[in-house]
Amino acid sequence: MNPIYVTEKDFQRLHSLVQAQRQVSGAHTVAALSQELKRAKVVASEEIPENVVTMNSLVKLKELTSDAEMELTVVYPKDADLAKFKISVLAPVGTSILGCKVGDKVERPGPKGTVVYEVMEDGFLDRHGPTL
């Protein structure tokens, strides 16, 4: 399995989130994120490739079976808002795309079987707005 890329700051925050959630809700709630962090290549913010999904990235995904496209932002749980397509990093799709690059394909179990998404575009949201 290929490594994922995570900034030092995101890694520290996500590690703290995993620890806190384990105590509140149990290890099962953060098992997938914990596994992803184990394979992470941690890099400085300025060294992260531009095409990598980081926290607060605005991401365009394509579901490969239906060709349906969606845009979402990967956020910390406290910032999640489904109405605004802000998806928690603890949600299955949030966990699975974190650290992926444009062109990567990720598989997630869905109600009707495995769903495969391709990361189409990535833009980082900062004080200047989205870059998509």
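How many helices and strands make up the secondary structure of the protein chain? In this predicted model, the count comes to 3 helices and 7 strands. Reading from the N terminus, the elements follow the order β-α-α-β-β-β-β-α-β-β.

Let's turn to overall dimensions. A compact globule of 132 residues would have a radius of gyration near 14 Å, and the protein chain agrees with this because its own value is 14 Å. Along the principal axes, its C-alpha atoms fill a box of roughly 40 × 35 × 30 Å. Among contacts with a separation of 6 or more, 53% join residues 24 or more positions apart.

Here are some whole-chain values for the surface and the interior:

| Property of the protein chain | Value |
|---|---|
| Residues that count as buried | 38% of 132 residues |
| Exposed area | about 7900 Å² |
| Share of the exposed area from carbon and sulfur atoms | 51% |

As for charge, the protein chain carries 16 positive and 18 negative side chains. The centres of these two sets lie 5 Å apart.

Now for a closer look at one helix. Which residues of helix H2 (residues 31–38) are buried? They are Leu-33, Ser-34, Glu-36 and Leu-37. These residues sit on the same side of H2, because they cover an arc of only 160° around the axis. The general geometry helps here: an α-helix has 3.6 residues a turn, so residues three or four places apart point the same way.

And what covers the buried residues of H2? The cover includes two strands, E1 (4–7) and E2 (40–43), along with helices H1 (8–25) and H3 (92–97).

Conventions
Residues are numbered from 1 along each chain as its sequence is written. This is a predicted model: local features need pLDDT of at least 70, side-chain atom pairs count only at pLDDT 80 or more; totals for chains, interfaces and linings use all residues. Side-chain values use heavy atoms; hydrogens and water are left out. Buried means under 20% relative accessible area, exposed over 50%, partly exposed in between (1.4 Å probe, protein chains only). Helices (H or I, at least four residues) and strands (E, at least two) are DSSP runs, numbered from the N terminus. The arc is that of the directions from the helix axis to the C-beta atoms. Contact means heavy atoms within 4.5 Å. The radius of gyration is taken over C-alpha atoms; the globule rule is 2.2 Å times the number of residues to the power 0.38. Accessible areas come from the Shrake-Rupley method with a 1.4 Å probe; for residues, only the protein chains shown count as cover. Lys and Arg count as positive and Asp and Glu as negative; His and the chain ends are not counted. The place of a charge is taken as NZ of Lys, CZ of Arg, CG of Asp or CD of Glu.
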